[in-house]
Amino acid sequence: MTVLRAALFDLDDTLLDATAAWRSGVRSVLAHAPGVTLEDGVAAWAEVFPGWFEAYLTGAVTLEDSRAGRVVDWCALLGIDLPDGAALMWFDTFIEGYRAGWTMFDDVPEVLAVMATAGLYDDAGKWLFRTGLPAKSGVGGGIIAVSPGK
């Protein structure tokens, strides 16, 4: 049996600085493309990302095709000669840099403290006791939980 240690969905710069992580990912890929500036690389990535991500979300392409397509289009925008079969390897390089760039905002410890003590209203203590994870529920029914130190 696999035990879920934590799930963190933070796609909007709430707890983690996703913008810095994105830049870190692009910086990593630029190791394959000397001469391209970070600013140009980030701008091009931002241009190709939405179309391929939307195509994946609607089921028009697979996740793998979406990832490869982003790299192919990114290279085309920047005039980079992409070696045959390298698109997914380059995307993996992006992901490694993206993950390495994850940093939390300075106010996250305080936010987690509030989540632990009041995040689920009257049931905050029960939740924290049972799971060990501070969490916050939303009006729409969503719950975000964080695994501190992980």
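# Exercises on a predicted helical model

The protein chain has six helices and two strands, and the structure treated here is a predicted model. From the N terminus on, its elements follow the order α-α-α-α-α-α-β-β. Of the 150 residues in the chain, 34% count as buried, and residues 24 or more positions apart account for 48% of the contacts that have a separation of 6 or more.

## Exercise 1: the geometry of helix H2

Compare the end-to-end distance of helix H2 (residues 38–57) with the span expected at 1.5 Å a residue, and then locate the bend in H2.

**Solution.** Step one is the expected span: with 20 residues at 1.5 Å a residue, helix H2 should span 28 Å. The expected span is 1.5 Å times one less than the number of residues, so the count of intervals rather than of residues enters the product. Step two is the comparison: the end C-alpha atoms of H2 are 28 Å apart, which agrees with the expectation. Step three turns to the path of the axis, where H2 bends by about 30° at Phe-49, with a proline, Pro-50, following within four residues. Just after H2, Gly-59 takes a positive phi of about 85°.

## Exercise 2: the buried residues of H2 and H4

List the buried residues of H2 and of H4, and state which helices pack against each set.

**Solution.** For H2, the buried residues are Leu-38, Gly-41, Val-42, Ala-44, Trp-45, Val-48 and Ala-55. These residues pack against helix H1 (18–29), helix H3 (63–78) and helix H4 (87–100). For H4, the buried residues are Ala-87, Trp-90, Phe-91, Thr-93, Phe-94, Ile-95 and Gly-97, and what covers them includes H1, H2 and H3. The span of H4 can be checked as well: its 14 residues should span 20 Å at 1.5 Å a residue, and its end C-alpha atoms are 20 Å apart, which agrees.

## Exercise 3: the salt bridge

How many salt bridges does a search of the whole structure find, and which side chains meet in a salt bridge?

**Solution.** The search of the whole structure finds one salt bridge, in which the side chains of Glu-39 and Arg-23 meet at 2.7 Å, N to O. The pair links distant parts of the chain, with Glu-39 in helix H2 and Arg-23 in helix H1, 16 residues apart. The accessibility of each partner is then classified: Glu-39 counts as partly exposed because its relative accessibility is 48%, and Arg-23 also counts as partly exposed, at 25%.

## Exercise 4: the surroundings of Arg-70

Determine whether Arg-70 has a salt bridge, and describe what surrounds this residue in terms of polar contacts and other contacts.

**Solution.** Arg-70 has its place in helix H3. Although Arg-70 is buried, it has no salt bridge, and the nearest side chain of opposite charge, Asp-73, is 9.0 Å away. A salt bridge requires a nitrogen-to-oxygen separation within 4 Å. The side chain of Arg-70 does make a polar contact with the side chain of Ser-66, at 2.9 Å. Leaving aside neighbours within four places in sequence, Arg-70 is in contact with Trp-45, Val-48, Phe-49, Trp-52, Phe-53 and Phe-91; among these, Trp-45 and Val-48 are listed with the buried residues of H2, and Phe-91 with those of H4.

Gly-69 is also found in helix H3 and, at 7% relative accessibility, counts as buried. Gly-69 and Trp-52 are 17 residues apart in sequence and 6.8 Å apart in space, C-alpha to C-alpha.

## Exercise 5: Ser-24 and Trp-102

Is Ser-24 buried or exposed, where is Trp-102 found, and which residues does each of them touch?

**Solution.** Ser-24, whose place is in helix H1, counts as buried because its relative accessibility is 14%. The side chain of Ser-24 reaches the backbone oxygen of Gly-97 at 2.6 Å. Not counting residues up to four places away in sequence, Ser-24 touches Gly-97, Tyr-98, Ala-100 and Gly-101.

Trp-102 is found in the loop between H4 and helix H5 (108–118), and at 44% relative accessibility it counts as partly exposed. With residues up to four places away in sequence again left out, Trp-102 touches Leu-16 and Ala-21. The C-alpha atoms of Trp-102 and Leu-16 are separated by 6.3 Å, although these residues lie 86 residues apart along the chain.

Key:
Residues are numbered from 1 along each chain as its sequence is written. This is a predicted model: local features need pLDDT of at least 70, side-chain atom pairs count only at pLDDT 80 or more; totals for chains, interfaces and linings use all residues. Side-chain values use heavy atoms; hydrogens and water are left out. The bend at a residue is the angle between axes fitted to the seven residues ending there and the seven starting there. Buried means under 20% relative accessible area, exposed over 50%, partly exposed in between (1.4 Å probe, protein chains only). Contact means heavy atoms within 4.5 Å. Lys and Arg count as positive and Asp and Glu as negative; His and the chain ends are not counted. A polar contact is a pair of N or O atoms within 3.5 Å; within protein, one must be able to donate a hydrogen and the other to accept it, and residues adjacent in sequence count only if both atoms are side-chain atoms.
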